[in-house]
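Let's take a walk through this structure together. Keep the sequence and the 3D view side by side as you read.

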Amino acid sequence: MALVLAAGVAGAQLTPGSVGTGSSPSPGSTGSTPAPSTPAPGATPAPGAMPAPATPDLETPGSDVPTRGVGTGGRELPPSPPGIAPSSIEETPGSSQRGQAISPAPALAPSAEAEQVKDGVTEAPDSEETPARRAPLTLAQLVARARESDSRVEEATAELRKFQALYQQARWAWFPKFEITVGAGGPTPEARNDGLGGPPTTEATFKGDLNFGRVGVTMFSTGNAVLPLYTFGKLTALEKAGAQGPVLGAALRERMRNEVGFQAAQAYFGYQLARSGLQQIEEVAKRLEDAGQRIDRLLKEDSAQVSAVDSYKVRFFRQLVEARKAEALQGRQLALAAIGLLANAGPDDVVMVVEEDLELEEDVPVPSLEQALVRAEQYRPEFTAVAAGIAAREQEVFIRERSYYPDLGLAGFYDVRFTTSATRQRTPFAFDPFNDRTAGLGLVMRGTFDIPIKDAQLEQARAELDKLRAQEKQIRAGIRLEVAKVHGELVAAWSRARAFGEAERNARRWVTAAFTAFDLGTGDTRDLVDAFTAYAQASGDKGKSWHDVRVGMAALARVTGAPLAPSE
């Protein structure tokens with residue numbers, strides 16, 4: 001009975017939360033960790049046999065060594081619990097019997113059909129009919145793919161291209177703007193003389209009547225351009241301001257890449273948390289099955305050590321375990337969906353992730369708060385972006401200040417006209433609007449005298465510069481606070497991970513001693529329940545704390561602007 005209660009409480013405390021883009025699964029009341037659904041060998045006694053004193057193999061030497069496997073978003077193992085009795089559980093989907101209420105029937109052996117399905121799923125990757133799959137994604141590969149292919153990064157890249165185009169526009173602001181007009185029209189009345197400005201030579205040339213003579217058409221082309229020679233520094237300032245655009249765009253893109261990489265790490269560690277939680281749930285379910293069988297055997301022997309109430313509690317806790325298992329499966333699937341989204345996987349692509357333990361084999365040195373702040377000052381892209389923005393605003397203020405001065409330049413123009421029904425005048429003293437040919441170059445000075453408007457524009461530019469400088473102070477203070485917060489959370493997570501690791505080891509010893517006493521008949525069920533409850537609590541807290549450590553390391557890399565290392 002004690003084994004049942006303790007294992008049931010352990011299962012009830014393993015409640016992985018949801019995992020999405022930019023978030024990690026939130027554990028339940030005790031902060032458990034998820035994992036593959038494979039109970040540890042040697043962890044429970046054989047069904048129907050009296051367990052030996054050392055039956056709960058909780059201190060296996062290699063139990064703390066991180067392992068790697070392959071997780072996939074394909075078929076899921078059936079969430080059916082270890083069999084209780086045909087009339088005591090609700091049938092799984094697809095069964096012919098549904099909606100049967102739980103009865104006080106004793107626990108039986110696990111379902112053979114569920115085990116067969118489980119074996120089939122496990123062997124599926126080795127089947128000849130299974131199509132070739134991509135290699136499972138590691139953390140470094142997932143982060144790299146997210147930083148390159150995420151749609152938000154693509155948007156930031158397009159914004160960078162826009163800034164680069166604006167810079168090219170500022171660089172070529174000196175290039176003359178050629179204004180050319182070409183046209184043709186008619187009809188044009190006949191206009192004939194001797195070509196030297198003399199009187200008309202045809203009657204149709206005279207005005208005041210309706211005799212237009214032999215009409216024709218007029219063709220013309222005009223053009224002008226101004227090449228700036230001296231602008232009192234306005235063109236140079238414009239080019240300097242435009243050069244800050246690509247710097248700003250690159251910094252914003254790097255900021256988005258860091259954010260996307262952090263979200264990918266969150267989804268990755270969220271999947272590992274859900275996976276390890278499933279592993280713990282499977283182990284608890286197995287122990288509940290063994291405990292139920294032992295209680296049923298003791299009841300048949302009319303043992304005073306247990307009662308019928310213990311059998312009811314077994315079934316109650318087993319159903320709680322199944323409920324937690326469904327939540328863990330949902331959390332794992334949601335984590336895989338987030339990973340597929342961040343990795344830019346297609347709708348038909350199978351997402352596979354390398355499976356690894358969250359616990360690190362050795363301590364990773366955490367930089368001090370001062371070191372983290374220095375790194376943030378050096379690498380955080382927000383500082384680069386705001387510095388570029390301030391530089392651009394300073395050049396804008398300079399341009400507004402110099403807008404009171406005129407621009408000096410070299411101007412050129414031409415005007416060519418030809419009319420088929422008019423005589424071209426050969427003397428410069430005769431006005432000839434029908435067949436004109438003129439061109440010229442000259443120095444020009446161009447400016448405006450809208451002084452009040454220029455004053456207002458200058459004040460606006462200065463206000464924008466002061467606003468951006470104030471924002472720089474806010475950004476600097478906010479980043480320092482963010483670094484301090486993340487650094488403190490990481491240090492606390494490391495402390496919790498070490499403490500909960502030691503607590504779990506002590507809980508294992510406690511469970512071993514309590515189980516031995518219960519097996520020998522010298523201990524009661526309450527001691528065993530307390531031991532298993534403490535073990536479940538410590539295991540869940542340890543998994544959650546290691547999850548917090550791994551996510552905290554990724555968060556510290558993000559807030560300091562440093563790229564996420566493959567080992568992180």
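A word on naming before we start: a helix here is a DSSP run of type H or I with at least four residues, and helices are numbered from the N terminus. Also bear in mind that this is a predicted model.

With that in hand, go to helix α10, which covers residues 525–559 and holds Gly543. Is Gly543 buried or exposed? Gly543 counts as buried, because its relative accessibility is 11% and the cut-off for buried is under 20%. Now look for Leu358: along the chain, Leu358 and Gly543 are 185 residues apart, yet their C-alpha atoms are separated by 7.3 Å.

Next, the sheet. It's an open one with 4 strands, in the order β2-β3-β5-β6, and the pairing is antiparallel. The edges are formed by β2 (179–188) and β6 (437–446), each of which pairs on one side only. If you ignore direction, neighbouring strands in this sheet are turned by 15 degrees against each other on average. As a reminder, the strands of any sheet pair through backbone hydrogen bonds, either parallel or antiparallel.

Let's go along the pairs. Strand β3 (residues 216–230) and strand β5 (residues 407–419) run antiparallel and share 12 bridges. To find your place in this pair, look for Gly223, which stands opposite Tyr414 in β5. Strand β5 is also joined to β6, again antiparallel, by 10 bridges. A handy marker for that pair is Gly409, with Val444 of β6 opposite.

Before leaving the sheet, take a look at Pro187, which is found in strand β2. The peptide bond leading into Pro187 from Gly186 is cis, with omega near 0 degrees. For context, most peptide bonds are trans, and most residues other than glycine have a negative phi.

That second point brings us to a couple of loop residues. Phe232 is in the loop between β3 and α5, and its phi is near 60 degrees, a positive value in a residue other than glycine. Phe232 counts as partly exposed because its relative accessibility is 23%. Asn344 also isn't a glycine, and has a positive phi of about 60 degrees. You'll find Asn344 in the loop between α6 and β4 (352–356), just after α6. With a relative accessible area of 48%, Asn344 is partly exposed too, since the exposed class begins over 50%.

While you're there, trace back along helix α6 (residues 308–342). How far should its 35 residues span? At 1.5 Å a residue the expected figure is 51 Å, and the end C-alpha atoms are 52 Å apart, so the two agree.

Helix α4 (residues 151–171) passes a similar check: it has 21 residues and reaches 30 Å from its first C-alpha to its last, close to the 30 Å expected. At its N-terminal end sits a cap, Asp150, with a side-chain oxygen 2.9 Å from the backbone nitrogen of Arg152.

Now, which residues of α4 are buried? They are Val153, Ala156, Leu160, Phe163 and Ala170. These residues cover an arc of only 80 degrees around the axis, so they lie on the same side of α4. The general logic is familiar: an α-helix has 3.6 residues a turn, so residues three or four places apart point the same way. Among the elements covering the buried residues of α4 are α3 (139–149) and α5 (234–300). Turn to the other side of α4 and you'll see Ser151, Glu155, Arg161 and Gln169, which are exposed.

One last stop: Lys454, in helix α9 (residues 451–520). Is this lysine buried or exposed? Lys454 is buried, because its relative accessible area is 7%, and anything under 20% falls in that class. So what does its side chain find there? A polar atom of the Lys454 side chain lies 2.7 Å from the backbone oxygen of Ser403. Setting aside neighbours within four places in sequence, Lys454 is in contact with Ser403, Tyr404 and Thr448.

Terms used:
Residues numbered from 1 in each chain as written. Predicted model: local features only at pLDDT ≥ 70, side-chain atom pairs only at ≥ 80, totals over all residues. Heavy atoms only, no water. Pairing = 2+ DSSP bridges. Helix = DSSP H or I, 4+ residues; strand = E, 2+ residues; numbered from the N terminus. Axes fitted to C-alpha atoms, helices over the stretch in contact; angles between N-to-C directions. Buried < 20%, exposed > 50% of the residue type's maximum accessible area, 1.4 Å probe, protein only. Polar contact = N/O pair within 3.5 Å; in protein donor to acceptor, adjacent residues only side chain to side chain. Contact = heavy atoms within 4.5 Å. Expected span 1.5 Å × (residues − 1). Arc of directions from axis to C-beta.
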